[in-house]
Each structure stands twice: as C-alpha cells, then as structure tokens.
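Me: I'd like to learn how to read a structure like this one, feature by feature. Could you walk me through it?

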Amino acid sequence: MIDWAWIGSHLGEIAARTGEHVLLTVIALVVGFALSMLLAWLAWARPRSYGPITWTAGILYTIPSIALFALLVPFTGLSLLTAEIGLVSYTLLILIRNIVTGLQGTPPSVVEAGLGMGFSDREVLWRLRLPLAVPVVISGLRVAAVTTIGLVTVTALIGRGGLGVFILRGLQRAFTTEILVGTVVTVALALLVDSAFVLAERRLAPWVDRATVR
Amino acid sequence: MSGVFSDLIAYLADPNSWTGQDGIIARLSEHIGLSVLAVVLAVILALPPAMVLAHRRKGSVLAVGLVNVGRAVPTFGVIALALPLCLALGLGLGFWPTLIAMVVLAMPPIFTNTYTAVRQVDPAVVEAAEGMGFTGRQVMTGTELPLGMPVIWTAIRIASVQVVATATLGAIVGWGGLGRYVVDGFAQGNDVLVLLGGLLVALLAVATDLGFSATERLVLPPGATHRDRGELATAIGHG
Amino acid sequence: MTEGAPGHSSTAIRLEDVCKTYPGSAHPAVESLSLEIRAGEVMVLVGPSGCGKTTTLKMINRIIEPTSGRIWIEGTDALTTPPHVLRRGIGYVIQQVGLFPHRTVGENIATVPELLGWEEGAVKRRVAELAKLVGLDPELLGRYPAQLSGGQQQRVGVARALAADPPVLLMDEPFAAVDPIVRQRLQEELVSLQRRLRKTIVFVTHDLDEAILLADRMAVLNLGGKIEQLGTPAEILANPATPFVESFLGRERGLRRLSLLTVEEIDLEKGPVVGPGDGPSAAGQAMDRYGTDWVVVVEDGRLLGWKWGADLADEPHGFRASVAPSDTLRRALDVILTSHTQVAVVEEGGRYLGIIDAAAIGRALAG
C-alpha cells in the first residue's frame, strides 16, 4: 500500500518542505503574538475595546481558511503575504483571549499584598500580573502553534510551500503515499511542537501546581 | 474593489443564482445537511464512550491527549486521505470523504469536553444519587448528563460552527456545498463567486452559533451553572 | 516634622476625624474616627462585621483612600506622601496572605529589601534571620508558596512584612484562615515576637479572645467606625462603658477577666499549716481556723504534702491541685473546681506560698 521507495527517494524534499512549513508557522506566530500583545494591552487599558476586538478576531476565526486565502488572492496575489495574513488572523482570537485572561487572573490578594508592600501600579503589572500570566499565555501559544501548523497545509492551495504540497499533489495524482507523508509529517511536527511548549511552560513557570487535572 | 461588491449584489439579485443545481439554495441546503449529519454522528460516536469513561473515572490521559492530537491533525490531510479510502470502498468522491473528515474533526472536542463535564460534576451529587439506589446508567443519564449539559452543549455548539466552516474544504475532493463557489471561483478567477462562498459560509457559521444560543434554554436544566465558553473555543482545530 | 504633627512624642500613628464613604452609599463606612496609637503598643481594633475596623486599618496605609480627615504616621503626613513610598515603611499582613506564587518563599520575604535597594548579601542575611525569627524551617526558603501549609504560609507573610524592619505593622485578621490549633500557636508566637521587637502593631479581628490575648489596648468599634470604648482589655472587661460594649463582650465576661489576672496578684490565705512533727493539738487548731479536716505539712518553707487530721502518723501525700504564682486565675479556678477539696495549693520551686479557693478568686474579681 505504501510506496516506501518513493519516500526513500524524496527524503530531501520532505525535509525541505518541512523547513518551509516551519518557517511559515514561525512567522505567523511571531507576528500574531506581537499583534495580540498590542491588542490585548489595548483591551487592558481600555476595557471597552475588548468586546469589539474579540468580536472581530472571532469573525476572522470563523471564516474558513480556504475562503479567506481565496479572498485575499485578488488583492495580495499568490504570495507569502497572503498566506501570512490568513495565518496570523487565525492566531489572534486565541492569543488575545489568553493574554487578557492571564492579566485578569492575578489573584486579588496577591495584588493587594503587592500594593501594601509598596509596589506602584506599574510594578504590580510588570512584577506580578505579567509573570503570573506566563502559563496561560504559553498555553495559548501552544494551541495557536498547533493550529497554525495544520492551517499551513491549506496554503498549498494558493501556491505556497510546506507539507500541504504533498497532500495536494497526492490528491491530484491519486497517490495515497504522498498524501500520507504530507499528513503524517504534519501531525508529527505538530505533536513535537506541542511537547516543546509543554516543556517550555515547565521551565518558565516552575511554580505551577500540575497535579490537578486541567 | 467596489466593483466586486456591486457585482456580488447583482449576482444575488439575479433569481437564477438561487435556483438550479449550482444555485445558492441548493448549495446551502447541501452544506447544512452534511454539517448536521456530521455533528449528529460525532455526538453519537463520541458522547457515550466519554460519559461512560468519565463516570468510571478512567481514561483521563486519553481525554486530555485526544484534543491535542485532534488539533494536530490537518483536516486538509484527512479529507485527502478519505478520498482514496472512499474510492476503494466504492463510496465515490465528494460527499463521503467530506462527511468522514468532518466527523473526525468534530469528535475529539466533543469527547474531551463531555469527559471533562461529567468528571467535574460534584461528586457529592453523584454519591447521593447512587445512595438512593440509582443504577450506573440512571446516574449517568439522570444526573451526570444534565449537570454536565452546559459544557457539553457548548462543545457541540463550537464543533458545529467549526464543521460548518471547514466543510468548505469538501469542494477540493469534489463535493458541493458552499465551498464549491470558493474553489470554482478561485479556479476561474471569478472573485464574485469566491466572495459569495466565503461570505455565505461566514454568515451560516454565525447563524449556527446564534441558533444554538437561542435553543440553549430548552436544553439546559435550570439551575445548572454556566461555564466560561471562551476556553472551549480553543479546543477545536481549524482545517 | 510637618505642621499639625502630634505633640506626644510616643504617638506612632494618629488618625484625626477620618471618614470613608463609598460612592453611591448612603451611610459612611467610617465616620469621623479619631485615634492615637502609641509607639510599641499592640492596638487591636475589634468589633462586629461591618463596623469599619478593616476599612480603618486599610486607610492607614491608603489601600483604601480616606474621603476626609488626616493621618500621621511617625510624624509624617500620610496623605501627602506618595502611597507606595509610605507603604515601604509599613508592614502589611492580610488574611489570605497574598504570597507571590511565582517566587520562592525566600524571594517573597526579600521583596521589600530588594525594592529598597539593599545589597544582595544583606538581603540574604536578613531573610535567614527572619526565617529563624518566625520559626520557619530554612529548608522551606527554596520552595514555592503552594507547597507550604496554611500556618507556614502565614509565617512567611509575617516574615515578609517585617523584612525591611518597618516600625509599624498592620495586620488584618491574619490568623482567621488557619485552623484553631495553628491559630493559637501563631498568636502565642506573635506575643513573644512582639516582646522582642516592640513594633507598633495595629491588629484587626472579630474574635474577642484573640483581642484580649494580643492587645495592649483595644478599641471596640460599632457600625460606622464609632469607637465605643478604648482601653486595656482588663479595663474594658471590668467596666464596659456602654450597653453595646457589654453585649459585645458577651456573657462570660467574668471568666475572660480571670484569664488576665494571675495568682500572684491576689492575697493568698496561709492555710492549715503544721510542721512534720506537730501533734493533734496543733493540727486541730489549724484545721479549726480554716474549717478543713486535713493539714498542710511544711518544713522550713518547703512543701512536704498533706495529711488527714485523723491520720497524722501517716506520711504526707502529694498535692495534685497545685498552681504556680504565674498561672492565670482562670487556670487556678479550673484546678480548684476539679480538686477533691475545692482548694489549690500555691507553690513555686517546692516553696510553699499559700492556698487559694474559689471565694478568694471571687473577691479578686469584685475588688
């Protein structure tokens, strides 16, 4: 059923496509995170804006990926920009929500104790709220990363690279092995990244009690 | 740019756009039909095992891991793999691969959230029910299910919205639905069709969400607490 | 010194006509409260829920901003100093503790010294010193707060508040959230800590027994922060100023007062004392005088025991109902009531000091 010979002879391309895939993902995450931090900070400073911001992000999230990409193409062409605009849009909802939740989730007694000890409001934000928000933010990044890795496969339809190319070609040529390679390597990559984030959270937030089932 | 929008309005104004095999009504019904079927199947397949496992307090590792794995699997890949499978089984292309892929997409979050919901039912209530002589099944259906309903219903709601949105991918393997407009439009360079498809799906997804909202009161038992739905949104992958 | 600062040199904190009304509320939470707290004393604010005691405490360090009034702390006008500067000189301990979850115990304690720019070595030494002071195992310094028990967490809270050696400590029902056994230990440790450190402490509690135990002076507050009575626990218990105070003190006022007095503060009876070799006539005289049928055997001031008047030839029996001069009258009463003879003997280091009975205690309360 599986054409191992084909796999063997295409290892180089598999590696290359994986590299492309990772690059597309990383760009999306970095830009998405930066944008989300900005928007979350805005929502934090002006609570009224939180509703509209999440509403917009939510709408973007609901538009199916191929539709969004297809809609952008007439304007931005079959380019990296098109792909990234789409990919970044899908990270916004989860990241913004997680960052804001993280900031709001600081226990009030901790904030009161901090103020009582002589922290200024700014010190409370930087020393207490932000560090304590790290676990939630990493959790959001983890989900965003895995989701993005899945979405990058769809960008093959608008001419970008990544492992979706195998899926598309396999479809067009009715070659199951190729589809499998595209899918399985994507899954493996996603699981690897997922684990990496779990480890990162453990290193960056050693104080979290992990005994309770989340 | 405004040209596209005025063309779209013209397209919508034309009655021919609505009727016929490729008409809006036909595509819309197709899309809704498959989505409903997929969600119903996913619930049938995922809900009972999740409830039983949670009731017996086993399998927490599976439940937690399933969502992660589910999110990691690209729906595009699943649809693509379903196609040769369906061809081999003689089910043909289009409908069946899309349906299978949508069911696979919807199952993990429904499973995991049902599991969590039942697991988190106050153990004192369960103990009281068992103490009164209810059998295991009666406890599940009479106590754990109703009390877990808010979370479960929210998971079904979000899964439905996701299925509606992702079913557009079905057009790639020859299915119809609203994705047909997107794919055909893209292939023909016809922006009006692409816009039509995208907007219709988005509207349908929002309508689905609102529809669930409206019927929520009918399904939820009075007095059950309302959990934060925000967290669940992240439970589902995007295809 | 700013103008209007209190003239009494030993006043650490002064509140003058302090008011707090929350916006949208018809009644003030605290209405025109004036209070002077002396340096080195433990001032306990006690009263029923909603009386404004916590609000008052939190206005001292401006966690809650007063609507009007003036506050001086150690001679400085608290309301014109920037709040965060003010608070770095005040220790603050709250019920939920509020330990920073993401920092270790040691790092938590080091917070204010680091904030003030202390040098690293000094900070480390101070943290170790404080751990010892509050009875915290040094091994816990590297752990995270979530890994500690409730009692340990509260100790860390106290250590953290004392870290920069502030002259003033504010404590808002700090021991309310731990279980009673731990609470008692923490209270006792606070008492002994205060004996060594002599900080000015303002302590809020709704628990009257805690107030009586800890306070040098206490203020009984009614709704609106109205001070119904201000004085030492003994004064208040002996002479409640208003019906409110009387009802707040509750029915066992007398017993509570007994825990504030000690045996050595009252006049002891000599008791039916005989020497080891004394005969029936000496014994008879002693027993007649005190109305007992037994005698106390003392030799050169040392207590040997007691004997039945009818069995003088026997060896003296040991006293079970015995108290020391430093014991509270409450303890003495307990011993007396559970003894066969309804009398307790007072001794210290083997030296006989006298006997005490329930009537003597009653006289002490009335006097």
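Me: Happy to start small. Leaving aside neighbours within four places in sequence, which residues is Gly40(C) in contact with?

Reply: Keep in mind that this is a predicted model. Apart from those sequence neighbours, Gly40(C) touches Gln194(C), Arg198(C), Lys199(C), Thr200(C) and Asp216(C). Gly40(C) itself sits in the loop between strands E2 (30–38) and E3 of chain C. The C-alpha atoms of Gly40(C) and Lys199(C) are 4.7 Å apart, although 159 residues separate the two along the chain.

Me: Is Gly40(C) buried or exposed?

Reply: Its relative accessibility is 12%, so Gly40(C) counts as buried; the cut-off for buried is under 20%.

Me: Thr200(C) was on that contact list. Which way do the side chains of its strand, E8(C), point?

Reply: The general idea is that side chains in a regular strand alternate between the two faces of the sheet. Here, Thr200(C), Val202(C) and Val204(C) point one way from E8(C), while Ile201(C), Phe203(C) and Thr205(C) point the other way. Six of the six residues of E8 (residues 200–205) of chain C are buried, so the strand is largely enclosed by the rest of the structure.

Me: Which strands pair with E8(C)?

Reply: Strand E3 (residues 42–46) of chain C pairs with E8(C) in the parallel sense, over five bridges. In that pairing Met43(C) is opposite Val202(C). Strand E7 (residues 168–172) of chain C also runs parallel to E8(C), joined by five bridges, and Met171(C) stands opposite Phe203(C). From E7(C) the chain passes through helix H7 (residues 180–197) of chain C to reach E8(C), a β-α-β crossover that is right-handed.

Me: Now the interfaces. How much area do chain A and chain C bury between them?

Reply: Interface size is often given as the accessible area lost when the parts come together. Chain A and chain C bury about 1700 Å² between them, with 71% of it on carbon and sulfur atoms. Glu112(A), Met117(A) and Trp207(A) supply 36% of the area chain A buries against chain C, more than any other three residues. The contact involves 18 residues from chain A and 21 residues from chain C.

Me: How many salt bridges are there between chain A and chain C?

Reply: There are two. One of them joins the side chains of Lys58(C) and Glu112(A), at 2.7 Å from N to O.

Me: And which of the two pairs of chains in contact shares the most contacts?

Reply: That is chains A and B. Chain B and chain C have no contact, and their closest C-alpha atoms are 23 Å apart.

Notes:
Residues are numbered from 1 along each chain as its sequence is written. Chains are lettered from A and ligands numbered from 1 in the order in which they are written. This is a predicted model: local features need pLDDT of at least 70, side-chain atom pairs count only at pLDDT 80 or more; totals for chains, interfaces and linings use all residues. Side-chain values use heavy atoms; hydrogens and water are left out. Buried means under 20% relative accessible area, exposed over 50%, partly exposed in between (1.4 Å probe, protein chains only). Helices (H or I, at least four residues) and strands (E, at least two) are DSSP runs, numbered from the N terminus. Two strands pair if DSSP finds at least two bridges between them. A crossover is right-handed if, with the strands pointing away from the viewer, the path from the first strand over the helix to the second runs clockwise. Contact means heavy atoms within 4.5 Å. Buried area is the accessible area (1.4 Å probe) that two parts lose on being put together, summed over both. A salt bridge is a side-chain nitrogen of Lys or Arg within 4 Å of a carboxyl oxygen of Asp or Glu.
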